[in-house]
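This report goes through the packing, the aromatic pairs and the charged pairs of one protein chain. Please look at the sequence and the structure before reading on.

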Amino acid sequence: NLLYFNKLSSSYYVATARAKIILKGDTVHRCHLSELGFYNEAVEGRAESILEEANEVVPIKTGILTIESTPNVRNDLFYNTYFGAKAGENNFKAFFFPWWYALDYRIKNADVPDKFAGDRDENIDITNEEQALMAIHQLDNDQIRWRRYKIREQGKKFWRQHPEDDTFCWMNPEEMVFDKEAIDRLMRLRL
C-alpha cells in the first residue's frame, strides 16, 4: 500500500480504516481521510484516533488535511467536525456538495424506460417540491428524472446517499417523527 518515488523523495500511502496505520513520527503534506463518518464501523474509536494522528503529522503551514464523507450518524466525529467548521469552532473549512453538482446525475428524456413513461418530458408532472428545487438550484428535467429514479431505487436512503442540504442528510428517516418532504417544503419557504 506504499508507492515510493525515489527521484522525488516522496511516497503515496493508501490504507483502510481497518488497517494498522501508524502516522506518528511522519510528516504528511497531503492527507485525505475518505468516508471518515464510517471509520468507527470498522473499529470503535478508530475515527478519533486516526484524525488525532493526522492532525499531528500534517504541517500547519505547508500541509493539507482533507476530510470527506457521506453523512452517517448525528453527533459522530464527522458530524461534529463538519458543523464545528461551519461555526468557525475548529481549524477546518466546511464544504457541502449536493447531488446536483455531479454532472452525470441525469437521465435524458430519450433514455427513460417505458416502465417510467410518466417521467418523459411530454408527460412529466413536476411536483411542487421539484418545482422549488428546480427554481432554487436551476435543475432541469434530466436531473429531476435522475432524482426520481434514485428515490424509487433507494427509498429513504436517498436523502443520506445523495444529500440536498446539510441538515436532513444526517437524519435517519426511520427515526423522524415528521414527514421529511413536509419539513423540506417549510424550510424552502423560509428561503
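## Nonpolar cores

The largest nonpolar core holds 22 residues, and those with the most contacts inside it are Cys 31, Leu 33, Leu 36, Tyr 39, Leu 51 and Leu 65. A nonpolar core here is a set of buried Ala, Val, Leu, Ile, Met, Phe, Trp, Tyr and Cys residues joined through side-chain atoms within 4.5 Å. Buried means under 20% relative accessible area, exposed means over 50%, and partly exposed lies in between (1.4 Å probe, protein chains only). At least two residues of this core come from each of strand E3 (30-34), helix H1 (39-42), helix H2 (46-57), strand E4 (64-68) and helix H3 (77-86). The helices (H or I, at least four residues) and strands (E, at least two) are DSSP runs numbered from the N terminus. H2 gives the most to this core, with 5 residues.

The model is predicted: local features need pLDDT of at least 70 and side-chain atom pairs count only at pLDDT 80 or more, while totals for chains, interfaces and linings use all residues. Residues are numbered from 1 along each chain as its sequence is written, and side-chain values use heavy atoms, with hydrogens and water left out.

Which residues does Leu 51 touch, not counting residues up to four places away in sequence? They are Leu 33, Leu 36, Leu 65, Ile 67, Leu 77, Thr 81 and Phe 92, where contact means heavy atoms within 4.5 Å. Another core, of 13 residues, lies apart from the largest one, and among its members are Val 112, Ile 124, Leu 139 and Phe 158. In soluble globular proteins, nonpolar side chains tend to be buried together.

## Helix H4

In helix H4 (residues 128-137), the residues Glu 129, Glu 130, Leu 133 and Met 134 are buried. These four lie on the same side of H4, because they cover an arc of only 135° around the axis; the arc is that of the directions from the helix axis to the C-beta atoms. The exposed residues Asn 128 and Ala 135 are on the face of H4 turned away from its buried side. Just after H4, Gln 138 has a positive phi of about 55°.

## Aromatic pairs

The whole structure contains 13 aromatic pairs. Rings of Phe, Tyr and Trp (its six-membered ring) pair if their centres lie within 6.5 Å; planes under 30 degrees apart count as stacked, over 60 as edge-to-face and the rest as tilted.

The ring centres of Tyr 79 and Trp 170 are 5.0 Å apart and the planes are at 90°, so this pair is edge-to-face. Tyr 79 is in helix H3 and Trp 170 is in the loop between helix H6 (158-161) and helix H7 (180-190), so the pair links distant parts of the chain, 91 residues apart. Tyr 79 counts as buried at 19% relative accessibility, and Trp 170 is buried with a relative accessible area of 4%.

Tyr 105 and Trp 146 form a stacked pair, 4.2 Å centre to centre with 10° between the planes. Tyr 105 is in the loop between H3 and H4 and Trp 146 is in helix H5 (residues 141-154), 41 residues apart. Tyr 105 is partly exposed, at 26% relative accessible area, whereas Trp 146 is buried, at 8%. Both belong to one aromatic cluster formed by Trp 99, Trp 100, Tyr 105, Trp 146, Phe 158 and Trp 159.

## Charged side chains

The structure contains 11 salt bridges, a salt bridge being a side-chain nitrogen of Lys or Arg within 4 Å of a carboxyl oxygen of Asp or Glu. Three of them are listed here with their N to O distances.

| Salt bridge | N to O distance |
|---|---|
| Lys 86 and Asp 166 | 2.5 Å |
| Asp 121 and Arg 145 | 3.0 Å |
| Arg 145 and Asp 142 | 2.5 Å |Lys 86 is in helix H3 and Asp 166 is in the loop between H6 and H7, 80 residues apart. Lys 86 is partly exposed, with a relative accessible area of 48%, while Asp 166 counts as buried at 12%.

Asp 121, in the loop between H3 and H4, is 24 residues from Arg 145 in helix H5. Asp 121 is partly exposed, at 37% relative accessible area, and Arg 145 is buried, at 1%. Arg 145 and Asp 142 are 3 residues apart in helix H5, which means that they are separated by about one helical turn. Asp 142 counts as buried at 16% relative accessibility.

Asp 119, Glu 130, Arg 148 and Arg 152 are linked in a network of salt bridges. The charged end of Arg 152 also sits over the ring of Phe 116, 3.7 Å from its centre; for this, NZ of Lys or CZ of Arg must be within 6 Å of the ring centre and within 35 degrees of the ring normal.
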